[in-house]
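What surrounds the ligand, what fills the core, and where does the backbone depart from its usual geometry? The paragraphs below take these topics in turn.

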Amino acid sequence: MPSDAQPVRIALSRRGYPGLEDAPRPDGAELVQPDEGASPDAAGLIELAADVDAVVISTPDRVGADFFAANPRVKVVALVAVGFDNVDLDAAREHGVVVTHTPGVLADATADLAFSLILMARRRLVPAVDAVRAGEWGAFDPQGYLGLDVAGATLGIVGYGDIGSAVGRRGTGFGMTVLQHSRSPRPEDGVAEAVGLDELLERSDVVSLNVPRTPETAGLIGARELDLLGPEGTLVSTARGGVVDEDALLAALREGRLHSAGLDVFAGEPITDPADPLLHEPRLVCLPHIGSATEETRAAMTGMALRNITAVLAGETAPNVVPPLRG
Ligand code: GLV
């Protein structure tokens, strides 16, 4: 509680954070929320956060140096997300603002989504669903909708943190051999063999990207890397847009140099142009950035964000301060 005993004020970047009613918050805290259905842009967020102590934001919200300069009362920015590439951390530090996120609680939901993409892409499920919906099931065709096996295939995980290792455990359950590559070496866990990135791409049939977006991971997977994965390869990403070169991905799929792909994250989000070529590539499955979108997971994330705020405003160390950026 501020020393002048004004009520604590917490701004939320949008309405409808699941679990908000049950989330802990400082006694008597006032919530400042945008109008129903509104999603403020960067300028709108600055305005919303005028005269508040803490701000709850999500992945699409951009918090830059101008935000911190305009809102000196803000002491904590709490992401309801694990990724934090949308916040200017240097500016936050300069203004003495703590930035927190929600690691761990969304690992299983996001790994489930990565696996959904693997199955959807490799088994070519989207064209199959579309055909059934359109009344085009037709006569049995021995060549119809043939995909590639998941069981027995090798799964390479790039970025073996909480989410990557959860993808690895699922791979083992599906009868896959699992490889992993991380910039900072991870201890052997009996699930995945640690290898270099090129070796991972060469040996894998399926690659899952689970790295954060950093200067080192921007454009990590381009034409050369896709060619190492090869024509029977499947690439999925639940990481961040910009880690995959989308033009190179489209070219590899069109030219048969890659079997299939699934993306939950894009360089430009949201994709609103129905003519966007990414949406029309038959071997590419596109989802609207929904890795953590389950009721339980989103409620756990909201609870974690509010616990972080409560700790900071009580003068304690927040449990989930963002770590220094790593590739
Ligand atoms: C979602 O993208 C997240 O970072 O939690």
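The shell around the ligand in this predicted model consists of three nonpolar, three polar and one charged residues. Its members are Thr59, Ala81, Val82, Gly83, Leu106, Arg240 and His289. The charged residue is Arg240. Ala81, Val82 and Leu106 make up the nonpolar part, and Thr59, Gly83 and His289 make up the polar part.

Which residues of this shell place a polar atom against an oxygen atom of the ligand? Glycine 83 does so through its backbone, where a polar atom is 2.8 Å from a ligand oxygen. Arginine 240 uses its side chain, with a polar atom 2.7 Å from an oxygen atom of the ligand. Histidine 289 also uses a polar side-chain atom, and the distance to a ligand oxygen is 2.6 Å. The ligand taken alone would expose 190 Å², and the protein buries 86% of that area.

Histidine 289 deserves a second look for its backbone. This residue sits in the loop between strand 12 and helix 10. Its phi is near 50°, a positive value in a residue other than glycine. Most residues other than glycine have a negative phi, and most peptide bonds are trans. Is histidine 289 buried, partly exposed or exposed? Its relative accessible area is 23%, so histidine 289 counts as partly exposed. That figure takes only the protein chains as cover.

Tyrosine 145 is another residue with a positive phi, about 60°, although it is not a glycine. Tyrosine 145 belongs to the loop between helix 5 (125-133) and strand 6. With a relative accessible area of 38%, tyrosine 145 is partly exposed. A backbone feature of another kind occurs at the bond between glutamate 269 and proline 270, which is a cis peptide bond with omega of about -5°. Proline 270 lies in the loop between strand 11 (260-263) and strand 12 (284-286).

Next comes the interior. The largest nonpolar core contains 43 residues, and those with the most contacts inside it are Ile10, Val56, Leu155, Val167 and Ile309. Strands that give two or more residues to this core include strand 1 (9-12), strand 3 (54-57), strand 4 (76-79) and strand 6 (154-158). Helices that do so include helix 4 (107-122), helix 6 (162-173) and helix 10 (295-313). Helix 4 gives the most, with eight residues. The core draws at least three residues from each of domain 1 (9-105 + 294-313) and domain 2 (107-286).

Two asparagines show polar side chains in buried positions. Asparagine 308 is part of helix 10, one of the elements that contribute to the core. Its relative accessible area is 0%, so asparagine 308 is buried. What does the side chain of asparagine 308 reach? The partner is the backbone nitrogen of asparagine 320, at 2.9 Å. Asparagine 71 is in the loop between helix 2 (65-70) and strand 4. At a relative accessible area of 5%, asparagine 71 is buried because the value is under 20%. A polar atom of the asparagine 71 side chain lies 3.2 Å from the backbone oxygen of isoleucine 46.

The loop of tyrosine 145 also holds aspartate 149, between helix 5 and strand 6. Aspartate 149 has a relative accessible area of 61%, and it is therefore exposed. How far is aspartate 149 from arginine 123 in space? The C-alpha atoms are 7.6 Å apart, while 26 residues separate the two in sequence. Arginine 123 is in the loop between helix 4 and helix 5, and its relative accessibility of 48% makes it partly exposed. Arginine 123 can also be paired with leucine 146: these residues are 23 apart along the chain, and their C-alpha atoms are separated by 6.9 Å.

Valine 195 and threonine 272 give another pair for which sequence and space can be set side by side. They are 77 residues apart along the chain, and 38 Å separates their C-alpha atoms. Valine 195 is in the loop between strand 8 (192-194) and helix 7 (197-203). Although it is in a loop, valine 195 is buried, with a relative accessible area of 11%.

Key. Residues numbered from 1 in each chain as written. Predicted model: local features only at pLDDT ≥ 70, side-chain atom pairs only at ≥ 80, totals over all residues. Heavy atoms only, no water. Near = heavy atom within 4 Å. Polar contact = N/O pair within 3.5 Å; in protein donor to acceptor, adjacent residues only side chain to side chain. Areas by Shrake-Rupley, 256 points an atom, 1.4 Å probe, with all protein chains shown as cover. Core = buried A, V, L, I, M, F, W, Y, C linked by side-chain atoms within 4.5 Å. Buried < 20%, exposed > 50% of the residue type's maximum accessible area, 1.4 Å probe, protein only. Helix = DSSP H or I, 4+ residues; strand = E, 2+ residues; numbered from the N terminus. Domains from an automatic or database assignment.
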